[in-house]
Each structure stands twice: as C-alpha cells, then as structure tokens.
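Trainee: Hi, could you walk me through this one? I'd like to start with the ligand.
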Amino acid sequence: MAHNIAVIGGDGIGPDVTAEAIKVVRAAGVDITTTEFDLGGQRYLRDGEILSDATLDELRAFDCILLGAVGTPDVPPGVIERGLLLKMRFDLDLYINQRPFVGTAPGGTEPHDFVVIRENTEGPYVGEGGSLRTGTPHEVATQGSYNTRMGVERCVRYAFELAQSRPRKHLTLVHKTNVLQFAGGLWERTFNEVAVEFPEVDTAYNHVDAACIFFVQDPHRYDVIVTDNLFGDILTDLGGAVSGGIGLASSANLNPTRTAPSMFEPVHGSAPDIVGQNKANPTAAILSAALMLDFLREGAAAERIRAACDDPVTGSTTDVGDAIAARVRS
Ligand code: IPM
Ligand code: MN
C-alpha cells in the first residue's frame with residue numbers, strides 16, 4: 001500500500017530541495033502519494049495562517065510529514081519557528097529528534113559515524129516565562145526549563161534501544177550536571193536506572209562543554225549520544241559542521257508510539273539569499289527522506305539512498321537530485 005506523505009515545502013529553498021527528495025524516494029521504487037500543504041512565512045504573510053488546529057488535524061491523517069524549510073526575512077524571528085515547527089513537535093508529540101552524523105572532521109583522516117538523540121518536547125523550548133519592566137534598565141526576564149521524569153525516561157530509553165541495535169552498542173549522556181544540578185540529576189539518575197535494563201550497552205557521560213571539544217577533536221569516541229533539547233540543538237549544528245557541512249545534515253522528529261505522524265526535515269534553513277537560483281544542495285533533504293523511509297519500514301530503499309549520497313555530486317539542485325536518483329535506480 002502507498003505511504004501517504006504530507007509535504008510542507010515551506011519557504012526559500014525548502015520547496016526545491018523537497019522536490020528532489022521526493023524524486024529520489026520515487027526512484028528507489030517506494031510507493032508514495034504526496035499532498036502539498038502551503039505553510040510557512042509566505043503563507044502567513046498572505047492570509048495570517050501559521051498552523052491552525054484544523055490544518056494540524058488534517059496532517060494527523062498522514063503517515064509522515066516531509067518538510068523543506070520555513071522562515072522568511074519578512075516575518076520576525078520566532079513567529080514561524082514557534083507557531084509551525086515547535087507546534088508540530090509539541091502537538092504531535094514528536095519527542096525524539098534523531099540526527100545522524102557520518103563524515104570526516106576538518107583535519108581528520110578517519111570517518112566517524114554517530115547519532116544524536118535530542119529530547120524534542122521539553123527543556124527551555126516549552127516557552128514558559130516572561131519579562132517585567134520590559135525595555136527598561138530594570139527589566140527582569142525568566143525562561144523556564146522543564147524536565148519531566150516521563151519525558152526524560154522515554155527519550156533515554158529510545159536512545160538505549162538504538163544503541164543496543166548498533167554494532168558498537170555505546171551510549172553517551174551529555175548534560176551539564178556540574179552546574180544544572182536539578183535537571184542534570186534527573187537526567188543522570190534516569191540514565192543510570194534505564195542502563196540496568198541494557199547490560200550490553202556501554203555507557204559514558206560528558207559535560208556538554210567537553211563534548212564540544214570531542215566533536216571536533218575526537219568524534220570517533222561517539223556511537224549514540226542522548227541529550228536535552230537545547231544542548232541537542234547546539235551540538236547538532238556542531239555535528240553538521242564536523243560532518244561535511246549543514247548541506248548534508250538530516251533529521252527525524254519522531255513519535256515512536258506512532259499515535260501521530262512523524263516529521264522529517266533537513267537541519268538547514270530556508271536560505272533566502274540563494275532562493276530561485278537552483279543551487280541549494282538537496283542532499284540533506286534527500287537524507288531526511290531516507291530517515292523517513294527507515295521509519296516507514298522501507299529500510300532497504302533507505303540504505304540504497306544513503307549509499308547513493310556517499311560520493312559527492314556537484315551541480316545545480318536538480319542536477320544533484322537527478323544524479324542521486326539515477327544511482328538509486330541502477
Ligand atoms: C532546529 C532549529 C530549530 C530548533 C529552530 C528553527 C526553532 O534550529 O531544528 O535545530 O531550535 O530546534
Ligand atoms: Mn538548531
């Protein structure tokens with residue numbers, strides 16, 4: 001049966017890279033039907049819709065959501081991010097953000113291969129807080145960070161299961177327990193308790209500042225990393241930078257319980273400066289589509305797509321999509 005995919009091309013280069021990703025999925029012989037949703041900054045400017053509850057309910061009917069990029073310079077920062085991206089993560093309970101990194105760090109010789117599992121629905125992203133006396137010299141701003149036992153545990157358990165399924169079976173917790181004693185304490189205790197259920201998985205702990213050094217100087221130590229929402233956001237940009245660049249960085253926003261569709265998106269943004277020039281690299285979108293196929297239990301097709309992306313292709317957006325599609329077919 002065909003997989004039913006909702007496509008949100010979004011703004012800037014988003015629609016172009018998403019079109020190449022769909023082309024490659026079809027070339028891999030996977031049967032999909034696609035339905036386009038016109039959402040993002042441009043849509044917001046036209047009629048004020050960011051993501052209504054009615055549209056969100058329509059999205060719920062799909063097997064997966066493939067997203068290009070959202071955001072345009074004409075809309076103040078945060079509006080579309082919070083109203084569309086974060087709304088999907090929260091309301092569809094996409095509690096895992098999975099970001100694989102395969103590549104060779106600048107100056108390195110051996111390729112690394114690790115995955116970051118970022119908690120995707122808690123921490124400071126919940127948007128709790130406020131400001132008083134705003135704009136005056138006496139301004140006070142608070143930004144709450146929420147960590148629940150349930151939220152931490154389901155994320156940590158997912159990471160252990162993933163580590164268990166990989167050859168090296170190694171999992172590192174990244175946090176900042178030396179300063180964030182309450183949140184760090186919850187993460188560390190939960191991690192150690194769940195570890196007992198996975199005796200085959202080797203574990204380690206790194207403070208997030210030290211992890212930044214290791215990402216650059218010794219990424220080979222990592223297999224699977226689990227961390228909170230904000231540390232994961234920052235670390236995964238660094239992960240992209242040491243793994244061939246943000247043009248290759250893919251991501252999956254997963255609801256592993258499958259009670260709502262999961263969402264797949266390249267880590268890069270809408271790049272308004274190069275829109276319409278047919279020169280955005282579609283590889284990150286194509287690799288995100290491969291993660292979607294993993295989740296749809298089309299693992300063989302996903303592997304073929306990843307293999308086709310191994311050797312870099314140069315050329316325009318469509319040239320790269322065509323070349324990868326041709327490799328996948330052959
Ligand atoms: C990401 C992005 C988002 C985040 C922004 C656009 C809200 O940076 O997916 O990493 O911070 O999670
Ligand atoms: Mn980010």
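**Ligand 1 and its surroundings**

Mentor: Sure! In this predicted model, an N or O atom in the side chain of Arg 89 lies 2.7 Å from an oxygen atom of ligand 1, a polar contact (a pair of N or O atoms within 3.5 Å).

Trainee: How far is the polar side-chain atom of Arg 99 from an oxygen atom of ligand 1?

Mentor: That distance is 2.8 Å for Arg 99. For the side chain of Asp 233, an N or O atom is 2.9 Å from an oxygen atom of ligand 1.

Trainee: How much of the accessible area of ligand 1 does the protein cover?

Mentor: The protein covers 75% of the 320 Å² that ligand 1 has on its own (Shrake-Rupley method, 1.4 Å probe).

Trainee: Which helix gives the largest share of the shell around ligand 1?

Mentor: Helix α4, residues 79-91, with 3 residues; helices are DSSP runs of H or I, at least four residues, numbered from the N terminus.

Trainee: New topic: is Ile 13 buried or exposed?

Mentor: Ile 13 counts as buried because its relative accessibility is 6%, and buried means under 20% relative accessible area (1.4 Å probe, protein chains only).

Trainee: And how far is Ile 13 from Gly 269?

Mentor: They are 256 residues apart in sequence, yet 8.2 Å apart in space, C-alpha to C-alpha.

Trainee: Any ground rules for reading this?

Mentor: Residues are numbered from 1 along each chain as its sequence is written, with chains lettered from A and ligands numbered from 1 in the order written. Local features need pLDDT of at least 70, side-chain atom pairs count only at pLDDT 80 or more, and totals for chains, interfaces and linings use all residues, while side-chain values use heavy atoms, leaving out hydrogens and water.

Technical notes
Buried means under 20% relative accessible area, exposed over 50%, partly exposed in between (1.4 Å probe, protein chains only). A polar contact is a pair of N or O atoms within 3.5 Å; within protein, one must be able to donate a hydrogen and the other to accept it, and residues adjacent in sequence count only if both atoms are side-chain atoms. Helices (H or I, at least four residues) and strands (E, at least two) are DSSP runs, numbered from the N terminus.
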